[in-house]
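Please examine the sequence and the structure shown here before reading the report.

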Amino acid sequence: MSLLREHVAQAFAPGGPLSEADERYVERDVQQRMADAVAEAIDERKALVAEAGTGVGKTFAYLVPTLLSGKRALVSTATKSLQDQLFLRDLPRLRDALQLPVSLALLKGRASYLCLHRMKQAHQSAQLPDRWAVRTLAKIEAWAQGTQSGDLAELDGLDERSSVIPLVTSSRENCLGSECPDYRQCHVMRARREAMAADLVVVNHHLFFADMALRDSGVAELLPSVEVAVFDEAHQLGEAGVQFLGVTLGSAQVIDFARDMLAAGLQLARGLMPWQDLSTACDRAARELRLAAVGPLREVRGSFKLRWDERSTRADFQESLGAVAQACLAAAEALDTVDELAPDFTKLAERARQLASGAERFRHDAVPGHVRWIDLSPHQARMVESPLDIREALREQMDAAPKAWIFTSATLGDDERLSWFTESAGLDDATVLRVGSPFDYAAHARLYVPTRFPKPNEASHPAEVAALAARFARALGGRTFVLTTTLRALQAIGDRLRALFEAEGDAIQVLQQGDVPKRQLLQQFLNQPRSVLVGSQSFWEGIDVPGEALQCVLIDKLPFPPPNDPLVEARVKRLESEGRNPFADYFIAEAAVSLKQGAGRLIRSETDRGLLVVCDPRMAGMNYGRRLRDALPPMTRVMSEAEALAWLDDLSAAALPF
């Protein structure tokens, strides 16, 4: 056994530094197995894919060997909130417990940091949309006087959806770099300098892939000097990569450019060029492009994807792309004539040419091996060209320099090779480890799949899901999650639940995704135990409600990928061309992983107890149902609603009074 593996074993042992630092520390064999495998991967500079069930303590299992190795490391997480948790809580605690002189840094994307130059521009331009935006800007300006990091996450009460945030942050397109008058005080550059000097840097998946595509986040300079790269919540790595490794052109991008050009022109070169006309032409072309993308749909509610060939052959769509290119090129020519007046104009001219180039690109065929589609929302249209997975991009990074690559999550597949993840990431030769949860699911959790129930494609299905959820929520006095696979079902089930509770005079509140920001909604659920939370995709993972606050999770139907999604269609065609079965190798594998994520909301600690309900009779009756049931933790199955209600009655009787 190597010296590192010995030190790791000692750290987790009784009487070791972890137990000395925390009296609540519990020695777990599964955690030690994973930590040893991570240490071995670091020693041998190899790739490890580790699936660790809920309660294993995977964060410490990869952080302890990483810190004890003394090697320079990068840790990537799925979200900015998980980054903050690692940097502000987990890493300082471990560093102190292990008594290691390790320097830490947190690195986020540009949009997370205040840009002093753009904040001043926003103040001077007087283009804020309403009085709420004016108040938000004033709040940001007051905070800017004292912040050291410039990280907008420090600002309490700042809605991440605020229209002010794009006005006070920079992007790759509008950053002036060393030409910026506030360059010396730049928060982005300070964060990158600190990252380059640190022993361990915490980033996120979006930042990692954005840098691979654009070389703009600081990771490109950082990665070659790193000896250990860890990806937590690695199940989200593929979709993050596909999102950033592709090429996009959005109508909102063009509108933002038009706004920025007008503001800079009027402020720095008023009267020298017809700024209003140039801006209006770009704005109009962008809006016409969105209308052409919408086409015969007329009204767009929610967000969805359109197949590329549904619009690409239409003359008005091609003409709209050409109009965007023409308007942006005209703007670039005007900006070139005044570029000596301020660095803003040079950067704006670059943006204009990139937008024109993007519009021209989408007038021609896609790169072989890529797929195109159109993202439509009520406010914009985005043209997207993307690779089908992250395989080639990740292998290129891994082959560039030998280092340890650690990929971990609670859900990475439903077979021993974790093929769902390893295939799409090109990690077929990686060492694979699966460590199950230490929780006693058989004793503490029940699974109910109603067999006499409408099929998901039947009109009565959402109403029956709501009725079943209402009966179970009444038995518990709330304390229930309803997870839906679509936003349409979310609305229908939420509305029906409210009607049922009102009709019966139940004092149970329905909290629905979209009513308020996610964090606020979750806080309301914790503060109001007599409530049911109805959430869609963003509530299937990353939500931690331990204890008696949540004792029933109800899933409306099996989470198969939408077959008409252009990316899904392209992946299916590739599998068929390889002679494989797309339903078994893709649809069921995807559903198994998503189902495990949703089910994972139920049991979060050793003492948690609860009921998981899957309102889809296919899970009981179809031949693939067994594979999906086996993918779940080993919960005891109940065969009738009466048994399920009896279990909930037991939980309710044992629960502490609120």
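The following report describes strands, their pairing and one helix.

## The seven-stranded sheet

This is a predicted model. In it, 7 strands build an open sheet with parallel pairing. Their order across the sheet is S3-S4-S2-S5-S10-S1-S11. The edges are occupied by strand S3 (104-106) and strand S11 (431-435), and each of these has a single partner strand, so one side of each is left without a neighbour in the sheet. From one strand to the next, the twist averages 15 degrees.

Within this order, strand S5 (residues 228-231) pairs with strand S10 (residues 404-409) in the parallel sense, over 4 bridges. Phenylalanine 231 has phenylalanine 407 in S10 as its bridge partner.

## A helix across the strands

Helix H5 (residues 80-98) lies across three elements: strand S2 (73-77), S3 and strand S4 (200-204). Relative to S3, helix H5 runs at about 170 degrees.

## Strand S13 and its partners

Strand S13 comprises residues 480-483. Thr480 and Val482 point one way from this strand, whereas Phe481 and Leu483 point the other way. Are these residues buried or exposed? All of them are buried.

S13 pairs in the parallel sense with strand S15 (residues 531-535) over 4 bridges, and the bridge partner of threonine 480 in S15 is valine 532. S13 is also joined by 4 bridges to strand S16 (residues 552-555), and the two run parallel. In S16, leucine 554 is the bridge partner of valine 482.

Conventions. Residues are numbered from 1 along each chain as its sequence is written. This is a predicted model: local features need pLDDT of at least 70, side-chain atom pairs count only at pLDDT 80 or more; totals for chains, interfaces and linings use all residues. Side-chain values use heavy atoms; hydrogens and water are left out. Two strands pair if DSSP finds at least two bridges between them. Axes are lines fitted to C-alpha atoms, for helices over the stretch in contact, and angles run from 0 to 180 degrees between N-to-C directions. Contact means heavy atoms within 4.5 Å. Buried means under 20% relative accessible area, exposed over 50%, partly exposed in between (1.4 Å probe, protein chains only).
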